[in-house]
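Please open the model in a viewer and keep the sequence panel beside it. The stops below say what to select in turn and what is to be found there.

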Amino acid sequence: MRTIRSIRGLQAWRRKHENQQIGFVPTMGALHEGHLSLIRQARKHCSMVIVSIFVNPLQFGPAEDLGRYPRNLKADQQLCREAGVDLLFVPSGEEFYPQNFQTTVRVNRLSEHWEGEARPTHFEGVTTAVTKLLCLVRPNQAYFGQKDYQQLLVIKQLVKDLNIDTKIVRCPIVRESDGLALSSRNCYLSEIQRRQAACLSVALRQGVKSIQLGKRQVSLIQREMKKMLSQSKEIAIEYLAVCEAQSLKPLTVAKGSMVLLAAVRLGHVRLIDNMLVKV
Ligand code: AMP
């Protein structure tokens with residue numbers, strides 16, 4: 001496996017592999033089983049796999065955790081090597097966003113609510129970085145986790161709107177045995193918070209189950225989910241919504257293809273999760 005840090009190096013590598021079927025997995029590093037599941041999918045579908053590690057400063061708000069975001073390149077390189085990655089691209093912030101950088105990419109309506117409301121500059125940071133990465137890597141397929149469901153929809157929209165010739169593949173959420181979705185940020189949780197964090201997926205599963213059993217009134221479904229979350233004293237709910245799965249518009253009556261979206265805080269740690277359900 002090669003590690004390339006420069007943009008010119010990546011472009012030269014890509015030109016040399018013009019005829020390959022390229023699978024691309026963009027990440028911020030601190031790799032875990034969730035990331036590895038994306039890499040395995042790419043490995044299965046494509047002849048060559050590129051992973052990027054870039055802790056993208058543009059997608060962090062001023063009061064967020066950019067400075068202390070976990071970074072461990074050596075361990076990440078080892079995991080990528082073991083997973084059969086062909087190329088690891090690790091650009092520097094200085095080269096990725098040089099001094100006179102002035103272009104951003106924004107997906108309007110889909111970015112406005114939920115995560116976009118809680119983190120106003122987040123999606124513009126994500127879409128700017130992902131657009132640049134897709135232009136550089138020119139993958140046939142790019143793999144994104146359902147874990148960041150709104151991000152996945154925003155990126156699908158971006159690829160469609162800008163006619164980028166890459167297929168976006170959605171990969172299922174990898175969870176711990178108690179249901180907590182794997183995340184690089186889970187390491188911020190104290191032992192007590194970690195135990196309480198399991199409530200989030202339990203509440204979402206309860207919501208899914210209620211819908212599958214025939215409940216349709218969203219206010220009642222939300223009340224049940226809130227009750228489950230209130231069992232943990234430390235959890236503060238940011239949002240807990242039943243939405244139309246493609247537009248992310250909130251529903252008052254459950255119908256069609258839906259996604260249950262949740263964001264909570266446990267002390268200073270923010271967790272998001274979601275589940276899909278169809279009736
Ligand atoms: P990140 O490094 O957090 O930016 O994530 C990189 C990619 O991995 C994104 O597409 C995430 O949605 C995906 N991902 C993160 N956690 C998980 C998980 N638990 N299961 C599946 N995909 C994940």
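Select strand E3 (48-53): E3 is mostly covered, with six of its six residues buried. Buried here means under 20% relative accessible area, exposed means over 50%, and partly exposed lies in between, for a 1.4 Å probe and protein chains only. Helices (H or I, at least four residues) and strands (E, at least two) are DSSP runs numbered from the N terminus. The model is predicted: local features need pLDDT of at least 70 and side-chain atom pairs count only at pLDDT 80 or more, whereas totals for chains, interfaces and linings use all residues. Residues are numbered from 1 along each chain as its sequence is written, and side-chain values use heavy atoms, with hydrogens and water left out.

Show the side chains of E3. In a regular strand the side chains alternate between the two faces of the sheet. Met48, Ile50 and Ser52 point one way from E3, Val49, Val51 and Ile53 point the other way, and all are buried.

Next add strand E2 (22-27). E2 and E3 run parallel and are joined by six bridges; two strands pair if DSSP finds at least two bridges between them. Opposite Ile22 stands Met48 in E3.

Ile22 also leads to the next selection, Gln141, which touches Gln21, Ile22, Gly23, Phe24, His45, Cys46, Thr166, Lys167 and Val169, not counting residues up to four places away in sequence. Contact means heavy atoms within 4.5 Å. Gln141 belongs to strand E5 (residues 141-145). Is Gln141 buried or exposed? Its relative accessible area is 12%, so Gln141 is buried.

Two loop residues deserve a look at their backbone. Most residues other than glycine have a negative phi, and most peptide bonds are trans. Ala30, in the loop between E2 and helix H2 (33-45), has a phi near 50°, a positive value in a residue other than glycine. Ala30 is buried, with a relative accessible area of 18%. Asn163, in the loop between helix H8 (149-161) and strand E6 (167-171), is not a glycine either and has a positive phi of about 50°. Asn163 counts as exposed, at 68% relative accessibility.

Now select Tyr69, in the loop between E3 and helix H3 (73-82). Tyr69 counts as buried at 7% relative accessibility. Leaving aside neighbours within four places in sequence, Tyr69 is in contact with Met28, Val55, Phe60, Ser184, Arg185 and Tyr188. Tyr69 and Cys187 are 118 residues apart in sequence, and their C-alpha atoms are 9.9 Å apart in space.

Proceed to helix H9 (residues 191-212) and helix H10 (residues 218-230), whose axes come within 9 Å and cross at roughly 155°. That makes H9 roughly antiparallel to H10. Axes are lines fitted to C-alpha atoms, for helices over the stretch in contact, and angles run from 0 to 180 degrees between N-to-C directions; those under 35 degrees count as roughly parallel, over 145 as roughly antiparallel, 65 to 115 as roughly perpendicular and the rest as oblique. H9 passes H10 in a right-handed crossing, that is, the near helix is turned clockwise from the far one by less than a right angle, while anticlockwise would be left-handed.

To display this contact, select Cys199, Leu200, Val202, Ala203, Leu204, Gln206, Gly207, Ser210 and Ile211 of H9 together with Ile221, Glu224, Met225, Met228 and Leu229 of H10.

Keep H10 in view: H10 lies across E7 and E8, running at about 150° to E7. Three strands form an open antiparallel sheet in the order E7-E8-E9. Strand E7 (235-244) and strand E9 (269-278) are the edge strands, each pairing on one side only. From one strand to the next the twist averages 15°.

Finally, zoom in on strand E8 (residues 257-266), which runs antiparallel to E9 and is joined to E9 by ten bridges. Which residue of E9 is the bridge partner of Leu261? The partner is Asn274; for Leu266, the bridge partner in E9 is Val269. The hairpin of E8 and E9 has two residues between the strands, and in this hairpin Gly267 takes a positive phi near 65°. Eight of the ten residues of E9 are buried, so E9 is largely enclosed by the rest of the structure.
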